[in-house]
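Reader: I should be grateful for a close look at a single part of this model, followed by an account of its surroundings.

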Amino acid sequence: MSHHKVEVRNLQHVYPDGTVALNDVSFRIHHGESVAIIGANGAGKSTLLLHLNGYLSATSGEVVIGDTLLARENLAEVRRTVGIVFQDPDDQLFMPTVFDDVAFGPLNMGLAATDVETRVIEALGMVEAVELRHKPPYHLSGGEKKRVAIATVLSMLPDILVLDEPTNGLDPHARRQVMALLQAFHHTRIITSHDLDMVLELCERTIVLQDGQVMADGPTLDIFKNEELLHACRLEKPFAMQACPVCSPGRRTVPGRKPLVPPHGDGYHDHEH
Amino acid sequence: MLAIDGTFLDFKQLDLLATQHTALHRLDPRAKVLTTACFVLCVVSFDRYTISAMLPYLLYPAVLIAASGLPFGYILRKILIVIPFALVIGIFNPVFDRQVIMHVGEFAIWGGWVSCASILIRATLTASVAIILVALTGFPVICAALEKLGMPKAFAVQLLFLYRYIFVLTDEGVRTIRACQLRSFGRRGLSLRQFGSLVGHLLLRTWDRAERIHMAMLARGFSGEFHTTGPQGRFGSKELIFMGGWSALFIVLRLYNAPQLLGGLFAGSLS
């Protein structure tokens, strides 16, 4: 039996005020896949994530984690299997010290104190944050908070990792650190983000949501090559796939504005054509 | 920087002080909590005109500061933050209570002045021991101690969350006030309307955050039971001596007015 796959069938979610956040969403994610869920603000990404561990219950449709159909009776098991890292680490780190925070999940699972300690040290080791264990969370930097937030989930040994905007608000170095971490994991990974360059590097498959519906589902590179689709979904090619601003200055500028970089003779143009 | 900014940054300092390793820091937190409670009870139970009998109580905070090497100036500044609140409570006493209770040379002293001074001394004493307790123990550990002493777990958890999120909330509050100031062009202070709306927004945001935290807790298997792994203190002979010795002293000082007795002794030996 594999715990590592996720299947969503005809999922619909209607909020009490009548907003249809998800409409007939279906997909299937296999063991070890790394999948991005992208879409404009309000496309339904966050709502979808909250369905994956049963925080929200579907208006209609179903979610299957591993071989288990998500239902009220197996919430505990599903929440152990699916580890969600939320967007704002301040929401995720609520205990007095980093250690207590990473221990929160394992303690709730009823593990013995010694096992909990091993788990905590292991999880902190995976995100290179063992030396932070006695610190209170408000003494950490943004990047440290993010890595510790990931550790709080890793300590439960989840099979599936769900990350909401993992690189949001991080400086370039911290962003690279988090990306390197995520790259090294062998879990099934589901990542939502507006950082499409990260998606390009970390996820081989991408699902595009628009107004609560799946607009596209396929290899990341194919999706990012489809400019029409991206435009229709209020998205844009990752910077890494856009043309060099010096060689083709017209491509990345806003219509009616001068190009940022003069076409020739500047000192920043560091590649040959 | 806004004044409130500085005050809360200082709170973090208090936290750092609690991570030191002196003999007083290592004492089981329950002993410190109970001794502090005994101190506070004795001090606040004095008659409202009492001044001299409370002065010996300064010994306790003084000894703790000296023995643990806490920065005296820092503690003093923290106490000064509390004093204005006490002053607000005591300031009208001289207006209402004009009964003359003693004479100093030519001057008649009204009871109101004496009781106002008494309130200030009480505030100084109780604030200093509370701040020292936190600086020697750390807030989360105090919560754990209170829980071990029988306080319902729900209250302990509430206190912990309060302490954790006061930093986040003040950050948000400070940012909002700054945004408001930057657009008010030199007009000082907030109007009542602005203030109301600001507090309302903070409340709503707090509500949202509480929901997200609850979500994060459920995602990690929270089922209503709060487990902690804090250091398991041992209530041994050191704790017993610390608590017993100080508490006995506080009670004796409460029952007998030491300065008066001492004065009497001197007067007696002179006559």
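Leaving aside its neighbours within four places in sequence, with which residues is A:A151 in contact?

Author: The model is a predicted one, and the description below should be read accordingly. If the neighbours within four places in sequence are set aside, A:A151 is in contact with A:V102, A:A123, A:L124, A:M126, A:V127 and A:A129. Both A:A151 and A:V102 are among the residues with the most contacts inside the largest nonpolar core, which has 74 residues. The others named for that core are A:I37, A:I84, A:V148, A:V162 and A:V199. Another core, of 38 residues, lies apart from this one and includes B:L24, B:I75, B:F139 and B:Y163.

The sheet of chain A may be considered next. It is an open sheet of six strands with mixed pairing, and its order is 6-7-8-3-9-10. Strand 6 (82-85) and strand 10 (213-219) of chain A form the edges, each pairing on one side only. On average, neighbouring strands of this sheet are turned by 15° against each other, direction ignored.

Within this sheet, strand 8 of chain A deserves particular attention. Strand 7 (residues 160-164) of chain A runs parallel to strand 8 (residues 188-192) of chain A, and five bridges join the two. Among the partners across this pairing, A:I160 is matched with A:T188 and A:L163 with A:I191. Strand 3 (residues 34-38) of chain A also pairs with strand 8 of chain A in the parallel sense, over four bridges; here A:V35 has A:I190 as its bridge partner. The connection from strand 7 to strand 8 of chain A passes through helix 7 (residues 172-184) of chain A, and this β-α-β crossover is right-handed.

Strand 8 of chain A is mostly covered, with five of its five residues buried. The cover extends to both faces: A:T188, A:I190 and A:T192 are buried on one side, and A:R189 and A:I191 on the other.

There remains the contact between the chains. In chain A, 27 residues are in contact with 22 residues of chain B. The elements of chain A that give two or more residues to this side are helix 2 (75-81), helix 3 (89-92), helix 4 (98-108) and helix 5 (113-126). Helix 4 of chain A gives the most, with six residues. By type, the residues of the side of chain A that touches chain B comprise 15 nonpolar, six polar and six charged.

Key. Residues numbered from 1 in each chain as written. Chains lettered and ligands numbered in written order. Predicted model: local features only at pLDDT ≥ 70, side-chain atom pairs only at ≥ 80, totals over all residues. Contact = placed C-beta atoms within 7 Å. Nonpolar A, V, L, I, M, F, W, Y, C, P; charged D, E, K, R; others polar. Core = buried A, V, L, I, M, F, W, Y, C linked by C-beta atoms within 7 Å. Buried ≥ 20, exposed ≤ 12 C-beta atoms within 10 Å, placed from the backbone. Pairing = 2+ DSSP bridges. Axes fitted to C-alpha atoms, helices over the stretch in contact; angles between N-to-C directions. Right-handed = clockwise from strand over helix to strand, strands pointing away.
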